[in-house]
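I set out to record two searches in this entry, one for aromatic ring pairs and one for disulfides. The coordinates I consulted are shown below.

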Amino acid sequence: MTLHEGSCHCGAIAFTLEGDIDTVIDCNCSICRRRGHLLAFFPRSAMVLKTADDDIASYSFNKHAIRHRFCPVCGIGPFGEGTHPKTGEATVAVNVRCLPDVDLASLSVIPYDGASL
């Protein structure tokens, strides 16, 4: 498995993520569409935060099922946290645009109609 180094724009939020990425979700919900996220999903245990949890801001809306995490300094949202709806496992949705080593052009992008939820 590949170990990725990720961060927000200013570097205040930093993390590592272990996993291979070849497919991402392009969600059209109100927040993902505005932020331009391309999301890859992993068990929360695949991510190691290098930033204290208290130094990361959170935003939730609608059903409050996902904690959209973002940097209070630069505003970039590198990931969201939630629970897998089928297994109950803690899950992270990583914005692969915040992983500099990922070649975005090589990814298979799957549209997801989150706006209809």
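How many aromatic pairs does the structure hold? I worked on a predicted model, and my search returned 2 aromatic pairs.

Entry on Phe15 and Phe79. I found the ring centres of Phe15 and Phe79 5.9 Å apart, with the planes at 70 degrees. Edge-to-face requires an angle over 60 degrees, so I recorded this pair as edge-to-face. I then looked up where the two residues lie: Phe15 is in strand 2 (residues 14-18), and Phe79 is in strand 8 (residues 79-83). The pair therefore ties together parts that are 64 residues apart in sequence. I noted Phe15 as buried, at 0% relative accessible area. Phe79 is also buried, at 3% relative accessibility.

Entry on Tyr59 and Phe61. Here I read a centre distance of 5.8 Å and a plane angle of 20 degrees, so I entered the pair of Tyr59 and Phe61 as stacked. Tyr59 is partly exposed, with 43% relative accessibility. Phe61 is likewise partly exposed, with 25%.

Entry on cysteines. How many disulfides does the count come to? I obtained 0 disulfides. For Cys32, the closest cysteine sulfur is that of Cys29, at 3.7 Å. A disulfide needs the sulfur atoms within 2.5 Å, so I judged Cys32 and Cys29 too far apart for a bond. Cys32 is buried, with a relative accessible area of 6%. For Cys98, I found the closest cysteine sulfur in Cys8, at 7.6 Å, which is also too far for a bond. I recorded Cys98 as buried, at 8% relative accessibility.

Terms used. Residues numbered from 1 in each chain as written. Predicted model: local features only at pLDDT ≥ 70, side-chain atom pairs only at ≥ 80, totals over all residues. Heavy atoms only, no water. Phe/Tyr/Trp six-rings, centres within 6.5 Å; stacked < 30°, edge-to-face > 60°. Helix = DSSP H or I, 4+ residues; strand = E, 2+ residues; numbered from the N terminus. Buried < 20%, exposed > 50% of the residue type's maximum accessible area, 1.4 Å probe, protein only.
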